[in-house]
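The following exercises are to be worked with the sequence and the 3D structure at hand. Each task is followed by a solution in steps.

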Amino acid sequence: MKRTPVSIFQVVVCLVFLMGTLLACNPFPKKDTHPEVPFLADLVKDTTKFIKVLGTERLSELFFLKDDRILLKPDDSHLPFKIIDIHGTVIIEKVFDWKLPFYLDKQGNLYFNREKYDYPDYKKHDYFKTVVFKDSIDKKSLDLGSQFADSIKFKMLDDYEIKLLEPYGLKPCEYQVVHRERCDVFEVKDNALLVRQDDLYKNDFAKLPVTPETFDDDILVRWQNGRIASPVYLVYYQVAKYKFKCEDMTMPTVIKLNGQNYLFSYSLGLFLIK
């Protein structure tokens with residue numbers, strides 16, 4: 001088939017447009033612009049600058065608390081969670097049921113395993129009513145099974161939800177065209193812990209770390225293979241007088257505990273900055 005000048009012109013235009021788009025996105029890896037700056041993993045090995053105070057082995061999450069303590073959540077439901085001080089002293093250590101809510105309120109009180117543990121030493125604890133509405137609604141849905149049309153079943157579940165929530169002064173989510181509105185509830189009300197969301201963990205006693213300042217622009221260093229290729233960037237940070245670099249997914253943070261600055265990364269641990 002003979003090509004016409006028009007089709008060749010269109011191909012050229014498309015190629016130019018494609019190259020312009022790629023260049024605008026800057027898809028080509030570059031060299032490290034600060035080879036003299038150490039990587040974070042190497043920098044924290046220098047004990048004259050950083051002292052490691054805590055590792056992250058066997059942890060799923062770590063939370064800093066408003067009283068400068070640290071909450072450690074395990075990566076295994078058979079292991080206990082811990083609340084420790086910055087020196088490693090254990091304040092409380094308990095295994096909790098992951099199928100039940102775990103809550104830290106604004107005063108630092110703990111709620112788990114259907115009990116309330118009183119702040120600050122958590123030695124006093126008593127049974128505390130815990131209501132997870134989703135469990136009841138899911139059970140009701142299973143009981144109804146497929147014996148009703150979806151529209152009838154949804155109406156029955158709505159009516160059931162109204163009866164569940166009414167004694168607590170709560171209202172059900174209203175249906176939109178396709179999805180329910182989001183109306184999460186996780187609070188203590190009328191001497192009961194009320195939970196109406198999928199996530200069974202909430203921490204209102206958290207102290208948020210901050211991201212360190214950067215001293216230069218991030219650069220793309222490579223593409224990570226996977227189902228979809230993803231870019232990997234090198235980020236240049238500065239904490240106090242120390243400069244370092246690390247890949248973007250390292251995500252270091254800085255937190256002040258008991259008046260001292262600490263550097264934290266899930267991949268490396270918690271370090272006192274000297």
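**Exercise 1.** How do the residues of the lining of the second largest pocket divide into nonpolar, polar and charged?

*Solution.* The model is a predicted one, in which local features need pLDDT of at least 70 and side-chain atom pairs count only at pLDDT 80 or more, while totals for chains, interfaces and linings use all residues. Residues are numbered from 1 along each chain as its sequence is written, and side-chain values use heavy atoms, with hydrogens and water left out.

Step 1. Apply the classes: Ala, Val, Leu, Ile, Met, Phe, Trp, Tyr, Cys and Pro are nonpolar; Asp, Glu, Lys and Arg are charged; the others, Gly among them, are polar.

Step 2. The lining then comprises 10 nonpolar residues, four polar and one charged.

**Exercise 2.** State the volume of the second largest pocket and identify the elements in its lining.

*Solution.* Step 1. The volume is about 280 Å³. A pocket is an open set of points on a 1 Å grid over the protein atoms alone, where a 1.4 Å probe fits, with protein on both sides within 12 Å along at least five of seven lines; lining residues have an atom within 4 Å of a point. The volume is the space filled by probe spheres set on the points, which are joined across faces, edges and corners.

Step 2. Of the 15 lining residues, Leu62, Phe63, Pro209, Phe264 and Tyr266 are the closest to the centre of this pocket.

Step 3. Strand 2 and strand 19 (260-265) are the elements that give two or more residues to the lining; strand 2 gives the most, with three residues. Strands are DSSP runs of E with at least two residues, numbered from the N terminus.

**Exercise 3.** Trace the sheet to which strand 2 belongs.

*Solution.* Step 1. Four strands form an open antiparallel sheet in the order 2-3-4-5. Its edge strands, each pairing on one side only, are strand 2 (59-64) and strand 5 (90-94). Two strands pair if DSSP finds at least two bridges between them.

Step 2. Strand 2 pairs with strand 3 (residues 70-74) over five bridges, and Glu61 stands opposite Lys73.

Step 3. Strand 4 (residues 81-84) pairs with strand 5 over four bridges, where Phe81 has Lys94 as its bridge partner. Five residues lie between the strands of this hairpin, in which Gly88 takes a positive phi near 95°.

**Exercise 4.** Is Thr253 buried or exposed?

*Solution.* Step 1. Thr253, in strand 18 (residues 253-257), has a relative accessible area of 15% and is therefore buried. Buried means under 20%, exposed over 50% and partly exposed in between, with a 1.4 Å probe and protein chains only.

Step 2. Leaving aside neighbours within four places in sequence, Thr253 is in contact with Pro209, Val210, Pro212, Tyr262, Leu263 and Phe264; contact means heavy atoms within 4.5 Å.
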